[in-house]
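Here's a quick tour of a protein chain, written for someone just starting out. Keep the 3D view open and follow along as we go from strands to helices to the core.

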Amino acid sequence: MSNGIVTTARTKNWKMSKSDHYLVKIEPAGGSFTSLPGRSLLHSGLAAGRSLPYGCANGSCGECRARVIAGSTQRLQHADYPLTETEKINGVCLLCSTAAGSDLTIEVVEANSPDNIPLQQLKAKLARVEQLQDVSIMEFKFTRGGALRFLPGQDALLDLPDGTRSQWPIASCPCNASLLELHVPSQAAECDARNTAAGSLLSLHGRDRLSVTAPTGSFTLKSGSEAGLPTHHIFITEGLGFARAQGMLEHLFNLENEDRATLLWLATPQCGHYRHNLCRSWDDAYDNFSYLAVPENSDFSANGEISASEGISVLREHLNAIDNTEAEHIKRQFYLIDTSDAVALEIQKLGIGQDRINRIEHATNQTAG
Ligand code: FES
């Protein structure tokens, strides 16, 4: 969207300083986020990882309506969407056009499942490409101030000018809805033979427009506890599967809660740990995050293979080490992203219940005929 939604500054344990902010409580889901004076409730909520409803983000569609139960608000901008007299009397506001004037309690229905988010169709253009080893980090901007609403872990379907259609995991965070980031193997056949549509994407120019249909897929974060207690999210991924994990982790870093996360990234010889420095910087920045790179320093054996048991043993040691410090009530959710069956088998050997294991294989990319 033109008034781009961006992430908040990150702090050591992924919680913001509460000074100079208003506290906004959410009903009926519970929880809260902090909001700066003069910043829209929508932007603040999304930056804090809340799945607030919205459409245009500029006051014209009415999708972001919420009811203020307690506290005062400030109008930020003119909104074309006409609230009814009844809505005004009942304290309904537009989250995209309203800021907090005090601590607030609002009533709003959040999207906590992929079923709650409509399929959207947007136009986008290539904004930036960064080459990291054999992977191209491609950033697309939605045209006409468009914004994509999705949950971390979901996919996007792309229709390119040359007639090809392909599906990709979204690597960006829902908090930055004006941007779509994809991780594309530069040498498709060598890095990841499944991504047959990579060549079409990589030949795009800045002037090209592509159609994005999203979000698709139902893989997303799970709460480890019905009671809303903290969750330890454990991501296990191989090669390019990191793309999906990246968006999910960035979303977690924005949440103002007590969750923690671990990333076990099993590199492939072709792609390596192509965002190793980013992961290490997360590990340094957040007390509640641990990064396990296997093999360390991308030091592959002679045949270039990592055995599943070797990778999972690193995770097992890590979990054993934190068992003493992790509170009893913290539940674990495991996310297996693009991992082999051998890795899934090793995870099962840890005695983890099936309800704690969430597995997804690579997005099916195809070229339209
Ligand atoms: S998102 Fe459209 S009016 Fe707020």
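Strand 10 and strand 13 (residues 210-216) sit side by side as an antiparallel pair, held together by 4 bridges. One thing to keep in mind while you look around: this is a predicted model. Strand 10 (residues 155-159) also pairs with strand 11 (residues 165-169), again antiparallel, and here there are 5 bridges.

**Strand 10 and its partners**
- Find Asp 159: in strand 13, its bridge partner is Ser 211.
- Asp 159 has a partner in strand 11 too, namely Arg 165.
- Strands 10 and 11 form a hairpin with 5 residues between the strands, and Gly 163 in that hairpin has a positive phi near 95°.

**Helix 7, end to end and side to side**
- Helix 7 covers residues 308-323, so to speak a run of 16 residues, and reaches 22 Å from its first C-alpha to its last, close to the 22 Å expected at 1.5 Å a residue.
- Which residues of helix 7 are buried? They are Ala 308, Gly 311, Ile 312 and Leu 315.
- These buried residues are on the same side of helix 7 because they cover an arc of only 85° around the axis.
- Turn to the face pointing away from that buried side and you'll meet the exposed residues Glu 317, Asn 320 and Ala 321.
- What covers the buried residues? The cover includes strand 14 (231-238), strand 15 (260-266), strand 16 (289-294) and helix 8 (341-349).

**The nonpolar core**
- The largest nonpolar core has 93 residues.
- Among the residues with the most contacts inside this core are Leu 42, Leu 95, Leu 180 and Phe 235.
- Helix 5 (residues 242-254) gives the most to this core, chipping in 7 residues.
- Take a closer look at Leu 180: leaving aside neighbours within four places in sequence, its contacts are Ala 124, Phe 140, Leu 148, Ala 156, Ile 170, Ser 172 and Val 212.

**The whole chain**
- The chain has 8 helices and 18 strands.
- It has 369 residues, and 44% of them count as buried.
- Of the contacts between residues at least 6 apart in sequence, 71% link residues at least 24 apart.

**How sure is the predictor?**
- The mean pLDDT of the chain is 86, with 85% of the residues at 70 or more.
- Residues 1-17 are another story, with pLDDT below 50; this stretch still has 45 contacts in the model beyond near neighbours in sequence.

Key: Residues numbered from 1 in each chain as written. Predicted model: local features only at pLDDT ≥ 70, side-chain atom pairs only at ≥ 80, totals over all residues. Helix = DSSP H or I, 4+ residues; strand = E, 2+ residues; numbered from the N terminus. Expected span 1.5 Å × (residues − 1). Buried ≥ 20, exposed ≤ 12 C-beta atoms within 10 Å, placed from the backbone. Arc of directions from axis to C-beta. Contact = placed C-beta atoms within 7 Å. pLDDT = per-residue confidence, 0-100. Core = buried A, V, L, I, M, F, W, Y, C linked by C-beta atoms within 7 Å. Pairing = 2+ DSSP bridges.
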